[in-house]
Amino acid sequence: MSLLEIKDAHLKLDNKDILKGVSLSVNKGEVHAIMGPNGSGKSTLSYTLAGREGYDLETGEILLEGNPLNEMSADERARAGLFLAFQYPVELPGVGGMGFLREAVNSRRKFLGEKEFDHLAFVKEARKEASKMFVKDEMLKRAVNVGFSGGEKKRFEILQMAMLKPKVSILDETDSGLDVDALKIVSEGVNAQRNNDNAIVLITHYQRLLDYIVPDFVHILSDGVIIKSGGPELALEVEKNGYAGLIDAA
Ligand SMILES: Nc1ncnc2c1ncn2[C@@H]1O[C@H](COP(=O)(O)OP(=O)(O)OP(=O)(O)O)[C@@H](O)[C@H]1O
Ligand SMILES: [Mg+2]
């Protein structure tokens with residue numbers, strides 16, 4: 001059984017067809033990259049997976065470990081191990097970083113039947129993971145994402161991933177806006193999470209990210225459908241020739 005199975009997903013927004021039959025199987029231990037022109041539906045797909053309100057499939061099906069996602073709220077999906085790092089991370093005024101992480105992690109641990117972290121143990125663990133992502137203690141005291149720089153927001157997203165240990169992580173342009181050093185830090189953070197029990201879906205415009213996080217599969221999404229799948233060489237082809245040839249061929 002695939003960890004994540006998307007079967008012929010169709011979705012409309014404002015009566016407009018956005019996803020027009022997306023199918024994708026993601027198995028444990030795999031990293032998939034999704035590339036595609038602006039407006040092709042990549043973020044829409046990520047919102048659909050995460051369960052954003054108003055992003056219900058018209059037809060088709062999405063299964064997480066065999067369980068239909070449409071029967072689960074966004075919260076339930078997160079507890080079950082689905083994680084989305086947003087293209088544009090949301091600011092949460094009044095919600096401190098440390099408290100936010102603790103709530104999220106403990107509710108996932110509760111779901112898994114694991115013991116919740118006590119306060120001190122949690123702070124220790126969070127600081128350890130934060131230092132790997134170069135997130136300073138001071139940032140954990142601030143409200144989530146409020147006033148964070150673009151790169152700080154992206155590092156905080158990967159810190160959440162490291163703490164939550166999701167089954168399926170969808171990273172929507174986590175590389176955008178990162179300086180060269182931050183790109184390495186974030187990539188190392190993601191690579192450290194790779195194991196035979198989870199999977200990662202990377203949405204990106206840049207082949208460069210895939211030098212650091214080497215995917216097993218690359219998919220090209222264009223106008224709401226996957227028009228081609230291949231290995232890392234497909235990203236190099238896109239880098240060299242753009243999308244036009246691939247779209248014409250499809
Ligand atoms: N609420 C909405 N109503 C109508 N159309 C929408 C709505 N939300 C998004 N769209 C359209 O859906 C299409 C896909 O958008 P999406 O954000 O998924 O693209 P993307 O592939 O992530 O692009 P980018 O690479 O620029 O991030 C776009 O044409 C967008 O304008
Ligand atoms: Mg997008």
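Modeller: Two residues are in contact if their C-beta atoms, placed from the backbone, lie within 7 Å. This is a predicted model: local features need pLDDT of at least 70, side-chain atom pairs count only at pLDDT 80 or more, and totals for chains, interfaces and linings use all residues. Residues are numbered from 1 along each chain as its sequence is written, while chains are lettered from A and ligands numbered from 1 in the order in which they are written.

Colleague: Which residues does L202 touch, leaving aside those up to four places away in sequence?

Modeller: L202 is among the residues with the most contacts inside the largest nonpolar core. Such a core is a set of buried Ala, Val, Leu, Ile, Met, Phe, Trp, Tyr and Cys residues joined through C-beta atoms within 7 Å. Beyond four places in sequence, L202 touches V31, A33, L171, L209, I213 and P215.

Colleague: How many residues does that largest nonpolar core have?

Modeller: In soluble globular proteins, nonpolar side chains tend to be buried together. Here F83, I158, V168 and V201 join L202 as the residues with the most contacts inside the core. Its size is 60 residues.

Colleague: Which helix gives the largest share of this core?

Modeller: Helices (H or I, at least four residues) and strands (E, at least two) are DSSP runs, numbered from the N terminus. The largest share of the core is 6 residues. They come from residues 150–164, helix α6.

Colleague: What percentage of the protein counts as buried?

Modeller: A residue is buried if 20 or more other C-beta atoms lie within 10 Å of its own, exposed if 12 or fewer, and partly exposed in between. The protein has 250 residues. The buried share is 38%.

Colleague: What share of the contacts with a separation of 6 or more joins residues 24 or more positions apart?

Modeller: The secondary structure comes to 10 helices and 12 strands. The C-alpha trace spans about 55 × 40 × 35 Å along its principal axes. Among contacts with a separation of 6 or more, residues 24 or more positions apart account for 70%.

Colleague: What is the strand order of the open sheet of 4 strands?

Modeller: Strands of a sheet pair through backbone hydrogen bonds, either parallel or antiparallel. This sheet has antiparallel pairing. Its edge strands, β2 and β5 (67–68), each pair on one side only. The order is β2-β1-β4-β5.

Colleague: Over how many bridges do β1 and β2 pair?

Modeller: Two strands pair if DSSP finds at least two bridges between them. E5 has S25 as its bridge partner in β2, and L13 has K16. Strand β1 (residues 4–13) and β2 run in the antiparallel sense, and the count is 8 bridges.

Colleague: Which residue in the turn of the β1 and β2 hairpin has a positive phi?

Modeller: Most residues other than glycine have a negative phi, and most peptide bonds are trans. The hairpin has 2 residues between its strands. One residue in the turn takes a phi of about 50 degrees although it is not a glycine: D14.

Colleague: Is D14 buried or exposed?

Modeller: D14 is found in the loop between β1 and β2. The C-beta count within 10 Å decides the class, and D14 has 6 such neighbours. D14 therefore counts as exposed.

Colleague: Which residues are the closest around ligand 1?

Modeller: A residue is near a molecule if its C-beta atom, placed from the backbone, lies within 6 Å of it. By that test 13 residues surround ligand 1. The closest are D14, N38, K42, S43 and T44.

Colleague: Which element gives the largest share of the shell around ligand 1?

Modeller: Two elements give two or more residues each: β2 (16–26) and α1 (42–50). The largest share is 3 residues. Those come from α1.

Colleague: How many residues of α1 are buried?

Modeller: α1 is mostly covered. Its buried residues are K42, T44, L45, S46, Y47, T48 and L49. Just after α1, G51 takes a positive phi of about 90 degrees. Of the 9 residues in α1, the buried number is 7.

Colleague: Where is F134, another non-glycine residue with a positive phi?

Modeller: F134 has a phi of about 55 degrees. F134 is partly exposed because it has 16 other C-beta atoms within 10 Å. It lies in the loop between α4 (119–132) and α5 (137–141).

Colleague: How far apart in space are E152 and K136, C-alpha to C-alpha?

Modeller: E152 sits in helix α6. With 19 other C-beta atoms within 10 Å, E152 is partly exposed. E152 and K136 are 16 residues apart in sequence, and their C-alpha distance is 9.9 Å.
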